[in-house]
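The following account leads the reader through one protein model, from a single strand residue to the pocket and on to the backbone. Please keep the sequence and the coordinates at hand while reading.

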Amino acid sequence: MRRQRGRRAAGAACAVALTLVLAGCGDDGYEPRGPFRPLPEGAPPEVGPPTESSPAPAPGEPAEPGSGQTAGDPNVVATDLTVPTGLVVLPDGSAVVGERETGRLLQVFPDRSPPRELMVLPGVDTAGDGGLLGLALSPTFDEDGLFYAYVSTATDNRVVRFPMGGTPNPVYTGIPRGETHNGGGLQFAPDGTLYVGTGDTGNPALAQDPASLGGKVLHIDVFGQPANAAGPVFSSGFSDVTAVCLTGDQPTVVYAVDESAAGPDELNRLSEGTDHGWPTPGAATVPPVHTVDNGAGGLGGCAAAGTTVFLGALDGQRVYAVQVDGQGGVVEVPEELLGGRYGRLRTVVLDGEGALWITTSNRDGVGTPAEDDDRVLRILPPSSTGSSPV
């Protein structure tokens, strides 16, 4: 069993005409209370850039993957979480992590200070593999302090935005919701547009259906409007896009990981209009950059820097470091990090110091949790340290 299956039936699917589907439908779930307020009153302690009176904590030294320590493990910056999934690194070097099962948002620190609970997102429905599935920082976070989240409600999956402690307001709604394959990839591009990875909800036909948002990567602006004249769908033909990552180079390269229901999981390089073949491989207009067999896959995370793409593998219980070339091919055998040491590994995010933040997913109903699971890790990958893979 690769993923936690449904515990209760999802709500009715949103069914509308093509034009309404591509506009983003669905009015249930989150209800904005009054106009959107970038600076809410009575919020918990603000999360934002450090100030002179509240400086950033000094980062602890990220450990090399071969440290072998258990008690006081320097790789571990937070413990006792419940299926941490979305994670974003803040300008001050700390991070905010979201728990899929509870909707809680917590601030975690590289100096290994105790996590600080910030808020609980309302209206999150965790049936099946749904819940709080992705996080992203506003491209103008220093000015507006806004977070974006990909969440499941009882009736749809949607993108919302909110200031910490404030009311989540809809950005894009009406993404199909199911017991499985709810997607959750969320990543801003350098130009301030947003890529959103969705899933086929267990209905493979949606991936090739131009009238459905399921099994797609969407491309929208911060207000939920299509980033391109052709509409919100950027790429199609996916089973379950759990993560999207981009390089900061020019030109920017867009990658997405697809956790397949049948056959190997895929790392795909995207461009506008590409079809990646699910559920009919012959339909693919471009081949995957890299594939991982089911037993070593369960890809749930993606982070890219230059020619290296890091992949978090749930079933594989490791992180892959994949070296790619300018044509989208793999140039050498991928390195494997942390194999079997921390159980199921999901989200991977690079920070400004070159360290890799990683979440475990051992309390998701599939893994075997240790006493202090789930955890957030912070390591220096071999590409930063020159050390050999572990």
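**A guided reading of the model**

Leu133 is a residue of strand S6. The model that contains it is a predicted one, and every value below is to be read in that light. With a relative accessible area of 9%, Leu133 falls under the 20% limit and is therefore classed as buried. Its C-alpha atom is separated by 5.6 Å from that of Val151, a residue 18 places away along the chain. Beyond its neighbours within four places in sequence, Leu133 is in contact with Thr85, Gly86 and Arg100, with Tyr150, Ser152 and Asn157, and with Asn182, Gly183 and Gly184.

Two of these partners lead to the next site. Tyr150 and Gly183 are in contact with Leu133, and both are also among the residues touched by Thr198. Thr198 is placed in the loop that runs between strand S11 (194-197) and strand S12 (216-220). Is this loop residue buried or exposed? Its relative accessible area is 0%, so Thr198 counts as buried. Its side chain reaches the backbone nitrogen of Lys216 at 2.9 Å. Lys216 also appears among the contacts of Thr198, which further include Ile175, Leu213, Gly214, Gly215, Leu218, Asp240 and Val241; residues up to four places away in sequence are not counted here.

The strands also bear on the open space in the model. The largest pocket holds about 940 Å³ of space. Its lining comprises 45 residues, of which Leu87, Val88, Leu186, Gln187 and Val349 are the closest to the centre. Which strands each supply at least two residues of this lining? They are strand S2 (84-89), strand S6 (132-137), strand S10 (186-188), strand S14 (241-246), strand S18 (299-305) and strand S22 (345-350). S18 contributes the largest share, with 6 residues. Sorted by class, the lining of the largest pocket consists of 25 nonpolar, 15 polar and 5 charged residues.

Two of the strands that supply this lining, S14 and S18, are also linked covalently. The structure holds 1 disulfide, formed by Cys245 and Cys302, whose sulfur atoms are 1.8 Å apart. Because Cys245 belongs to strand S14 and Cys302 to strand S18, the pair ties together parts that are 57 residues apart in sequence. Both ends of the bond are out of reach by the accessibility criterion: Cys245 is buried at a relative accessible area of 2%, and Cys302 is buried at 8%.

A link across a longer stretch of sequence is found at Asp73. This residue sits in the loop between helix H1 (18-21) and strand S1 (76-78), and its relative accessible area of 9% makes it buried. The side chain of Asp73 makes a polar contact of 2.5 Å with the side chain of Tyr342. The C-alpha atoms of Asp73 and Leu377 are separated by 9.5 Å, although the two residues are 304 residues apart along the chain.

The backbone itself offers several further points for inspection. Trp278 and Pro279 are joined by a cis peptide bond, with omega at about 5°. Pro279 has its place in the loop between strand S16 (265-270) and strand S17 (290-292). A cis peptide bond also leads from Asp373 to Asp374, with omega near -10°. Asp374 lies in the loop between strand S23 (356-360) and strand S24 (376-379).

Positive phi values complete this part of the reading. Val83, although not a glycine, has a positive phi of about 50°. Its place is in the loop between S1 and S2, and at 0% relative accessibility it counts as buried. Gln317 is likewise not a glycine and has a positive phi of about 55°. Which loop holds Gln317? It is the loop between strand S19 (308-313) and strand S20 (318-323). Whereas Val83 is buried, Gln317 is partly exposed, with a relative accessible area of 30%.

Terms used
Residues numbered from 1 in each chain as written. Predicted model: local features only at pLDDT ≥ 70, side-chain atom pairs only at ≥ 80, totals over all residues. Heavy atoms only, no water. Helix = DSSP H or I, 4+ residues; strand = E, 2+ residues; numbered from the N terminus. Buried < 20%, exposed > 50% of the residue type's maximum accessible area, 1.4 Å probe, protein only. Polar contact = N/O pair within 3.5 Å; in protein donor to acceptor, adjacent residues only side chain to side chain. Contact = heavy atoms within 4.5 Å. 1 Å grid on protein atoms, 1.4 Å probe; cavity = no way out; pocket = protein on both sides within 12 Å on 5 of 7 lines; lining within 4 Å. Points joined across faces, edges and corners; volume = space filled by probe spheres on them. Nonpolar A, V, L, I, M, F, W, Y, C, P; charged D, E, K, R; others polar. Disulfide = S-S within 2.5 Å.
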